[in-house]
Amino acid sequence: MDATTAYLVDHALNTDYAKLSEHTVHECKRRLIDTFACAVGAYDEPVSRMARAVAARVTDRKSTRLNS
């Protein structure tokens, strides 16, 4: 894992949800919903179909979960 990824993971794992402001939580939810809406809206677009076709050709038996 590179230093940037390690920093982001460490930051995410040490964030206390209870300490986040109501405004911050609301804005994060808005962006998450927007991201999913964009993904769903673009699902059948040519570039999305191409990306899924390329991804379908890749197989890897390694787990993507972080080791606890």
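**Figure 1. Glu 27 and Arg 30 in helix H2 of a predicted model****.** In this predicted model, Glu 27 and Arg 30 both belong to helix H2, which covers residues 22-41, and they are placed three residues apart, about one turn of the helix. Their side chains meet in a salt bridge, with a distance of 3.2 Å from N to O. Side chains of opposite charge can pair when their charged atoms come close. An α-helix has 3.6 residues a turn, so residues three or four places apart point the same way. The two partners differ in how they are classed: Glu 27 counts as buried because its relative accessibility is 17%, which is under 20%, whereas Arg 30, with a relative accessible area of 48%, is partly exposed.

**Figure 2. Arg 31 and the salt-bridge network of helix H2****.** Arg 31 also forms a salt bridge with Glu 27, and here the closest N and O atoms are 2.6 Å apart. Both residues lie in helix H2, four residues apart, about one turn of the helix. Through salt bridges that share partners, Glu 27, Arg 30 and Arg 31 are joined into one network. A search of the whole structure finds two salt bridges.

**Figure 3. Cys 28 and Cys 38, two partly exposed cysteines****.** Cys 28 has a relative accessibility of 49% and therefore counts as partly exposed, and Cys 38, at 46% relative accessibility, is classed as partly exposed too. A disulfide is a covalent bond between the sulfur atoms of two cysteines. When the whole structure is searched for such bonds, zero disulfides are found.

**Figure 4. Tyr 43 in the loop between H2 and H3****.** Tyr 43 lies in the loop that runs between H2 and helix H3, the latter covering residues 46-56. With a relative accessibility of 47%, Tyr 43 counts as partly exposed. If residues up to four places away in sequence are not counted, Tyr 43 touches Ser 48, Arg 49 and Arg 52. One of these residues, Arg 52, lies over the face of Tyr 43, at 3.7 Å from the ring centre. As for rings that pair with each other, a search of the whole structure finds zero aromatic pairs.

**Figure 5. Asp 44 and its contacts with Arg 49 and Arg 52****.** Asp 44 is found in the loop between H2 and H3, and with a relative accessible area of 53% it is exposed, because this value is over 50%. Once the neighbours within four places in sequence are left aside, Asp 44 is in contact with Arg 49 and Arg 52. Arg 49 and Arg 52 are also among the residues that Tyr 43 touches.

**Figure 6. Asp 2 at the N-terminal end of helix H1****.** Asp 2 caps the N-terminal end of H1, with a side-chain oxygen placed 3.2 Å from the backbone nitrogen of Thr 4. Helix H1 covers residues 3-13, and of its eleven residues the number that are buried is zero, so this helix lies largely in the open. For the chain as a whole, which has 68 residues, buried residues make up 3%. The chain contains three helices and zero strands, and from the N terminus on its elements run α-α-α.

Terms used: Residues numbered from 1 in each chain as written. Predicted model: local features only at pLDDT ≥ 70, side-chain atom pairs only at ≥ 80, totals over all residues. Heavy atoms only, no water. Disulfide = S-S within 2.5 Å. Buried < 20%, exposed > 50% of the residue type's maximum accessible area, 1.4 Å probe, protein only. Salt bridge = Lys/Arg side-chain N within 4 Å of Asp/Glu carboxyl O. Helix = DSSP H or I, 4+ residues; strand = E, 2+ residues; numbered from the N terminus. Contact = heavy atoms within 4.5 Å. Phe/Tyr/Trp six-rings, centres within 6.5 Å; stacked < 30°, edge-to-face > 60°. Lys NZ or Arg CZ within 6 Å of the ring centre and 35° of its normal. Polar contact = N/O pair within 3.5 Å; in protein donor to acceptor, adjacent residues only side chain to side chain.
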